[in-house]
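Open the structure in your viewer and keep the selection panel at hand. The stops below are in the order of selection.

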Amino acid sequence: MKLFRSLSLILLLTITTVGFASSFPHADAVPGGIVMLPIDSNSDKAPTVTFKGHRVMVLKGDKNYAAWTAVIGVPLWAKPGQHAVDITEANHKTTQRAFTVKAKKYQEQHLIIKNKRKVNPNNQDIKRIRGERKHMDKSLDEWNNQSNINMHFIWPVKGPISSPFGLKRFYNGEARKPHSGIDIAVPKGTPIVAPADGTVINTGNYFFNGNTVFIDHGQGLKTVYCHMNTIDVKAGEKVKQGQLIGTVGATGRVTGPNLHWAVSLNEYKVDPRLFLLPAKKKAS
Ligand SMILES: [Zn+2]
């Protein structure tokens, strides 16, 4: 019994230690994807990496591979071809590193919205939308410098995906911005949980997004939940993976109840599925 208890303790300690290490998402060097760039350095201090002026996540790399790894969010509007990041070392030396973004063809989606104001807002609505955009952008550009980040997410709700990430969207026949998240169609009132530990940075009610929650997971990684019915967390609150944050609703611009779930990395929306796919098996 005593042996069993000490074995359990060792096991628990092992799990806890693993839990503290960062885990990486899946890389996919396409518009709306993620580039993982190994950075060699002799310094114990993480280099500062920026992409198009936006600060980029840098985590300790695999020692056999490289000292550091930059985890770069690629915007949906990025052109295929060469892109570059600026890397500033602790000694203030700045270098550029190039990487290649491959082309990806996203499907088209045509939607009919009955409330025409949600497609062609009036002047008063436009004023509201502009103010809200500033508020939302501010939530996404905050920087929280933590070094251990869990990027192995769980689904915030389970259900059928009614719209995948990246679709080229047309509302009542008019072209609009591509779909920057995943829509999960489940009944109103379905509980939504945090996919990973984080801090609620903001909540609000917006013209297009309806009731919305923003969670900060560290180093420019944020998740966003839209069209919610109820919001069960407050700004500043810490949340654990699996904790209830609210329920699914049909607020804002929707065709029915659904959760629009978006992931923002260095202020660019990337495909949430890159944080959900099962980890690749390593050869033993
Ligand atoms: Zn959506």
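Select the zinc ion and its protein donors: His179 (NE2), Asp183 (OD) and His260 (ND1), at 2.0 to 2.1 Å from the ion. Donors here are N, O and S atoms within 2.8 Å of the metal (3.2 Å for Na, K and Ca), and since water is not among the atoms, sites may look incomplete. Along the sequence, the donor residues follow the spacing H-x3-D-x76-H. Asp183 in strand S11 (residues 182–184) and His260 in strand S18 are 77 residues apart, so this pair links distant parts of the chain. Strands (E, at least two residues) are DSSP runs, numbered from the N terminus.

This is a predicted model: local features need pLDDT of at least 70, side-chain atom pairs count only at pLDDT 80 or more, and totals for chains, interfaces and linings use all residues. Residues are numbered from 1 along each chain as its sequence is written, and side-chain values use heavy atoms, with hydrogens and water left out.

Colour the donors by accessibility: Asp183 is buried at a relative accessible area of 8%, and His260 is buried at 9%. Buried means under 20% relative accessible area, exposed over 50%, and partly exposed in between (1.4 Å probe, protein chains only).

Next, select Asn266, in the loop between S18 and S19. Its phi is positive, near 40 degrees, and Asn266 is buried at 2% relative accessibility. Glu267 is found in that loop between S18 (259–265) and S19 (268–270), but is partly exposed at 33%.

Last, go to His227 in strand S15 (residues 221–231). Its phi is also positive, about 65 degrees, and His227 is buried at 6% relative accessibility. Most residues other than glycine have a negative phi.

Notes. Helix = DSSP H or I, 4+ residues; strand = E, 2+ residues; numbered from the N terminus.
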